[in-house]
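Me: I'm new to reading protein structures, and I'd like a close look at just one part of this one. Could you take me through a single helix and what surrounds it?

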Amino acid sequence: MKILPKGEQMVSERTVNLMKHVYALIVKYVMVAVILYVVLGLFYSVGIGDILLLSLVVTVLAYLLGDLLVLPMGGNVMATVADFVIAVVAVWGIGGYWLNYGISIVPALYSGILIGVGEWFFHKYMVGRVVDNHVDPSE
């Protein structure tokens with residue numbers, strides 16, 4: 001049993017891992033929200049509430065599928081492609097039909113490309129800090 005100095009508390013490994021995921025999700029959400037605001041808000045007049053909602057959907061889907069599933073097994077390139085596809089489909093599908101903005105494929109592609117670039121660097125952060133990678137992270 002480890003004796004801690006007075007005033008310090010032991011934090012479980014599970015809590016530390018959870019906080020790593022929470023921090024990564026917050027960083028990812030901010031990145032996606034800023035990109036979607038620039039592309040959709042400034043150039044296509046999509047409302048900020050809808051951008052934040054769309055950012056949440058893209059963030060959760062891309063984190064679960066791209067970052068936690070594809071990244072550890074397929075590496076950075078495959079995870080970036082997966083995140084690009086998720087972003088394009090979500091922006092085009094949800095933004096175009098569910099939110100009734102009539103967003104064409106062009107702004108969806110712009111958003112997907114910029115999110116993909118951001119994801120490339122985000123994955124470099126994720127590997128070794130949040131997820132274990134079985135593939136070379138430079139791929």
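Reply: Sure, let's start with the overall layout and then zoom in. Going along the sequence, the pattern is α-α-α, so to speak the plainest kind of list: three helices and zero strands. Keep in mind that this is a predicted model. Of the protein's 139 residues, 40% count as buried. Among contacts with a separation of 6 or more, 70% are between residues 24 or more positions apart. As for the outside, the protein exposes about 8300 Å², and 71% of that comes from carbon and sulfur atoms.

The part to zoom in on is helix α3, which covers residues 105–126. Just ahead of the helix you can find S104, in the loop between α2 and α3. S104 counts as partly exposed because its relative accessibility is 37%. It's also worth finding W92 on your screen: W92 and S104 are twelve residues apart along the chain, and their C-alpha atoms are separated by 6.4 Å.

Now step into α3 itself and pick out S111. Is S111 buried or exposed? S111 has 0% relative accessibility, so it counts as buried. What does S111 touch, once you skip residues up to four places away in sequence? The list is I35, L36, V39, L40 and V91. Of these, I35, L36, V39 and L40 also turn up among the α1 residues that meet α3, so to follow the trail we should look at how those two helices pair up.

Helix α1 spans residues 13–44, and its axis comes within 10 Å of the axis of α3, with a crossing angle of roughly 155 degrees. An angle over 145 counts as roughly antiparallel, so that is what α1 is to α3. The crossing of α1 past α3 is right-handed. On the α1 side, the residues that meet α3 include Y23, V27, K28, M31 and Y44. On the α3 side, they include V106, Y110, S111, L114, E119 and F122. Sort the residues of this contact by type and you get 18 nonpolar, two polar and two charged.

E119 deserves its own stop. This residue is found in α3 too, and with 1% relative accessibility it counts as buried, because buried means under 20%. Leaving aside neighbours within four places in sequence, E119 is in contact with K28, M31, D67, N76, T80 and D83. K28 and M31 are in α1, while helix α2 takes in residues 48–98, so D67, N76, T80 and D83 fall inside α2 by their numbers.

That brings in the remaining pairing, α1 with α2. Their axes come within 9 Å and cross at roughly 120 degrees, which makes α1 oblique to α2. As α1 passes α2, the crossing is right-handed. The residues of this contact divide into 18 nonpolar, four polar and three charged.

One last place to look is the loop between α1 and α2, where S45 lies. Its phi is near 55 degrees, a positive value in a residue other than glycine. S45 has a relative accessible area of 60%, so it is exposed. Set it beside S111, which is buried at 0%, and you have two serines to click between.

Methods: Residues numbered from 1 in each chain as written. Predicted model: local features only at pLDDT ≥ 70, side-chain atom pairs only at ≥ 80, totals over all residues. Heavy atoms only, no water. Helix = DSSP H or I, 4+ residues; strand = E, 2+ residues; numbered from the N terminus. Buried < 20%, exposed > 50% of the residue type's maximum accessible area, 1.4 Å probe, protein only. Contact = heavy atoms within 4.5 Å. Axes fitted to C-alpha atoms, helices over the stretch in contact; angles between N-to-C directions. Parallel < 35°, antiparallel > 145°, perpendicular 65-115°, else oblique. Left-handed = near helix turned anticlockwise from the far one by under 90°. Nonpolar A, V, L, I, M, F, W, Y, C, P; charged D, E, K, R; others polar. Areas by Shrake-Rupley, 256 points an atom, 1.4 Å probe, with all protein chains shown as cover.
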